[in-house]
Amino acid sequence: MSELTLTLLRLGYLALLWILVLSVVGVLRSDLFGTRVTRRPAPGTPGRGIPAPAPPRGRDTEDRKTPRTLVVTEGSLKGTSLALGQAAILIGRAPECTLVLEDDYSSNRHARLFLDAGTWLVEDLGSTNGTYLGRSKVESPTPVDIGTPVRVGRTVLELRR
Amino acid sequence: MAVVTAVETRPRRNVELVLLIVSLGIAIGAYVLVGIAAEGRVQANWMWVGGGLAVLVLGVHAVLRVVAPYADPVILPITTAINGLGLVVIHRLDLAEETSLATRQLLWTAIGVGAAVAVLVLVRDHRILARYTWTAAVLGFALLLLPLLPFIGRNIRGARIWIGLGPLSFQPGEIAKILLALFFAGYLVTARDSLALVGRRFLGLQLPRARDLGPILVAWALSLGVLVFERDLGTSLLFFGLFVAVLYVATERTSWIVIGMSLFVAGAVLAWRIFSHVQRRVDIWLHPFEPGTFENAFQVVQGLYGMASGGLLGTGLGEGRPDIIPFAESDFIFTAIGEELGLTGIFALLLLYLILVERGLRTAIGARDGFGKLLAAGLSFTIALQCFVVAGGVTRVIPLTGLVMPFLAYGGSSLLSNWIVVAILLRISDAARRPAPAEVTG
């Protein structure tokens, strides 16, 4: 075998090593997962990933009792608001929650707010520290009135029109 | 305000298969090149050797598809590439020295892969391992001390870290490494609060209470014990480093690193003052070319000359003379690769190790339970520390100690234990990457 072939083989082998390294890096790049943080475009409008269709904007009296937003009134996320649609809202520390809390006193999947026949209900998902509606502990799905504080760990939430 | 959404995870087993084929290409390509350099033609048995390795790792791949579909897709290909390259370099040194270590190494690869498959199949959930925290502690320390027993303990090249039964010899410390990582993770996940939260602040460091210093002092004393009675610098360093690393990950307190490093420096200076074998290592490190130490430093110096003659692109596999270095197949396989694949090849190799460790630490971040986090972080740290100590030792960054390059260097016990480490990492990464059970709707 000629000297040239040997040199080419030698360099080709080094290239192969780097092809492995680079393809591994490529896989890692396309395999990034976990959580994606996106800025919310404007106050009140839902951000990416939240399946919250715009609530119907009727003007009849029935609709005036329907809450439109979920507001955080205490805790590290104080001031955050979420538009309410038809979809249930999962609250907790896990990244897949609709409202992700940075609250050491809340569980990963702490509580759930869901719409049942026009009424929003809160349900505790077996959290460690419990969910409180007003001053009473939530044991079973309980209707939430507008303005009643819902306490999850150190975070307090409220439904608003 | 920002919105946090989870990005969908995919199993990515097909990606792993493609990368595995490239990895096998690296192993088989190296074998072919060595054959060309040694005999001027492709060795006839390349298909058998390459096929053997392929059957082993594709077997692991198939098992992963069934028992851990979400496991990290790059850990196995990287392991395969490093293991395969190590096998070929050992084979290449065999050709030069007329030994047959590569066959034994291939056999140990098969045993290691078998153990990895067994771990993956038997341990379906890594949290089960947390039940055996104290069992692991007892077994780990017993294995560590086993070489000190009469009759079965063997003293090879000054270090008493082997046990021998007839013709077989084994380093129980390698298995003890895994058991102790298990123990540290299980112990610290329960003890971390008192180690992290209590104590006074001083100069920006949260200092622990005196009685919380107990565990780190015990770990320090034990690793010094290994150094004194088994005369093995590497194992002693590895255990203490592992403990401090897991302690730091568990508590997030920089003060433990400071305390650990101070204890390490104190121990190192003490050992250097007292023990002649430590003094000799330090002399070799600082003055390898001086007449007084040149005899002892022959190995290190030859390694440096080897890497120098390799240069940027290397002499080519099978074209250099790495066989001049004593124990080139174990302690100095790093310089053998540096000589024949050059800086370009060594950097590729180091990057592969770096990515392997990164994937392990990423697994630790993704793990949902504290025990899994600490175990994955501890095991990845042992790989990182071994690489640093070996590569640093042969390139004279730090004194040479007797650790082995994971997967690369000749040594059955190390190969076996590292395949088990990879299996545990794959198991934890499967749990870490698997999407959480679907949300209940309605």
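How many bridges join S2(B) to strand S3 (residues 159-165) of chain B? Select both strands and you'll find 3 bridges, with the strands running antiparallel. Strands here are DSSP E runs of at least two residues, and helices are H or I runs of at least four, numbered from the N terminus.

A word on the setup: this is a predicted model, where local features need pLDDT of at least 70, side-chain atom pairs count only at pLDDT 80 or more, and totals for chains, interfaces and linings use all residues. Residues are numbered from 1 along each chain as its sequence is written, while chains are lettered from A and ligands numbered from 1 in the order in which they are written.

Stay with the strands and pick B:Arg154, whose bridge partner in S3(B) is B:Trp162. Now add S4: the open sheet of 3 strands has the order S2-S3-S4 in chain B, with antiparallel pairing (two strands pair if DSSP finds at least two bridges between them). Strands S2 (153-156) and S4 (168-170) of chain B are at the edges with a single partner strand each, so one side of each has no neighbour in the sheet.

Next, select B:Leu224, in helix H7 (residues 214-230) of chain B. Leaving aside neighbours within four places in sequence, B:Leu224 is in contact with B:Ser236 and B:Gly267; contact means C-beta atoms, placed from the backbone, within 7 Å.

Last stop: helices H8 (residues 233-251) and H9 (residues 254-274) of chain B. Look for B:Phe240, B:Val244, B:Leu247, B:Tyr248 and B:Thr251 in H8(B), which meet B:Trp256, B:Ile257, B:Gly260 and B:Phe264 in H9(B).

Note on methods. Contact = placed C-beta atoms within 7 Å.
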